[in-house]
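This report deals with aromatic pairs, one buried threonine and the empty spaces enclosed by the chain. The structure is shown first, and the description follows.

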Amino acid sequence: MTRKQRADNVFSALRKVITEPETELNYQNNWQLLVSVLLSAQCTDARVNMVTPSLFERYPDSKTMAESSQSEIFKWIRSISYPNAKAGHLHKAAIILENEFGSEVPGTVDELVKLPGVGRKTAQVVASVAFGVPALAVDTHVFRVANRISLVGPSATTPDKVEKQLKKLLPPEEWGDAHHLMILHGRYHCMARNPGCDTCVASEFCDYAERLKKLPSDQEGLIPSKGKYYCATRKHYFMEPDTISDRSGVEQVSCPSCGSMNVFISKTGRTTRRIKDFRV
Ligand code: SF4
């Protein structure tokens with residue numbers, strides 16, 4: 001299967017279960033979208049949605065926020081992560097919108113990144129959602145999902161590289177949808193810890209799921225009192241394992257006598273082998 005075929009299969013499967021691939025942030029206009037996306041950096045959408053109703057009542061537009069102060073804005077967003085820095089960014093961004101953009105949120109990534117607190121990722125989300133600009137922002141969920149499935153190659157080690165490779169796979173009109181599909185899939189199904197591979201609609205196209213299936217089966221009848229670990233190659237127990245890097249660079253538990261990675265936890269019978277995972 002080519003990577004393009006894999007992508008087509010995966011997104012078509014995800015579309016069947018994620019029928020509304022949209023942001024989960026609540027907003028009514030571009031100003032509110034910009035503020036919400038800026039607040040959502042390192043914070044959950046649910047938390048942002050808790051503070052924005054009162055924040056938007058107090059600051060319905062950039063003018064009211066520009067006339068306020070960082071310390072005043074802080075009071076409305078204190079339960080959000082990094083409230084002090086974000087209050088400062090919001091205040092300065094509002095002033096710039098007033099002075100340079102006629103109180104309007106600009107529609108291009110290049111203009112948006114001029115606003116304090118607006119990085120490339122935030123700018124792409126705003127440009128894509130508010131103005132339909134083709135953009136594919138890569139956050140922690142997109143990075144993890146794209147890498148686990150192998151929608152991108154081993155060289156995609158940074159969000160920028162993942163973005164470039166994904167954009168080559170998909171036509172521009174599908175970038176926005178793909179972004180939201182991967183975010184929602186990563187948030188609710190392909191979580192960082194304990195991904196739900198058993199019930200995943202994309203599992204038959206997913207490299208990570210394939211590697212999971214190849215892990216050694218549980219060993220039955222191990223005797224924990226003989227040692228914490230069991231080496232199935234030398235068939236003996238031991239207490240203190242060695243570690244070794246496998247071909248993917250993942251640190252694996254190994255047998256201190258023979259160096260084998262065919263090691264099991266005596267208490268559970270489970271393999272100690274770990275699959276390469278992806279975090280950013
Ligand atoms: S099969 Fe597992 S790793 Fe692959 S996309 Fe689904 S949940 Fe994620």
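A search of the whole structure, which is a predicted model, finds two aromatic pairs. In one of them, the rings of Tyr229 and Phe238 have their centres 5.6 Å apart and their planes at 20°, so the pair is stacked. Tyr229 and Phe238 are both buried. The other pair joins Tyr230 and Tyr237, whose arrangement is tilted, with 4.9 Å from centre to centre and 55° between the planes. Tyr230 has a relative accessibility of 12% and therefore counts as buried, the limit being under 20%.

Tyr229 also appears among the contacts of Thr272, a residue placed in the segment after strand 5 (263-265). With a relative accessible area of 10%, Thr272 is buried, because that value falls under 20%. When residues up to four places away in sequence are not counted, Thr272 touches Tyr229, Gln252, Val253, Met261, Val263, Phe264 and Ile265.

A further ring takes part in an arrangement with a charge: the charged end of Arg148 sits over the ring of Tyr208, at 4.8 Å from the ring centre.

The empty spaces comprise pockets and cavities, and the largest of each kind is set out below.

| Space | Volume | Lining by class |
|---|---|---|
| Largest pocket | about 710 Å³ | 11 nonpolar, 10 polar and nine charged residues |
| Largest cavity | about 90 Å³ | nine nonpolar, four polar and one charged residues |

Which residues lie nearest the centre of the largest pocket? They are Ser40, Ala41, Lys121, Asp139 and Thr140, out of a lining of 30 residues. The elements that each give two or more residues to this lining are helix 8 (120-131), helix 9 (140-149), helix 10 (159-169) and helix 11 (175-188).

As for cavities, the count of those with a volume of 30 Å³ or more comes to one. The largest cavity is lined by 14 residues, of which His185, Cys190, Cys197, Cys200 and Cys206 are the closest to its centre. Helix 9 and helix 12 (207-213) each supply at least two residues of the cavity lining. Helix 9 is thus named for both spaces, since it also gives two or more residues to the lining of the largest pocket.

How values were computed
Residues are numbered from 1 along each chain as its sequence is written. This is a predicted model: local features need pLDDT of at least 70, side-chain atom pairs count only at pLDDT 80 or more; totals for chains, interfaces and linings use all residues. Side-chain values use heavy atoms; hydrogens and water are left out. Helices (H or I, at least four residues) and strands (E, at least two) are DSSP runs, numbered from the N terminus. Buried means under 20% relative accessible area, exposed over 50%, partly exposed in between (1.4 Å probe, protein chains only). Contact means heavy atoms within 4.5 Å. Rings of Phe, Tyr and Trp (its six-membered ring) pair if their centres lie within 6.5 Å; planes under 30 degrees apart count as stacked, over 60 as edge-to-face and the rest as tilted. A charge sits over a ring if NZ of Lys or CZ of Arg is within 6 Å of the ring centre and within 35 degrees of the ring normal. On a 1 Å grid over the protein atoms alone, a cavity is a set of points where a 1.4 Å probe fits but cannot get out, and a pocket is an open set with protein on both sides within 12 Å along at least five of seven lines; lining residues have an atom within 4 Å of a point. Grid points are joined across faces, edges and corners, and a volume is the space filled by probe spheres set on the points. Ala, Val, Leu, Ile, Met, Phe, Trp, Tyr, Cys and Pro count as nonpolar, Asp, Glu, Lys and Arg as charged, and the others, Gly among them, as polar.
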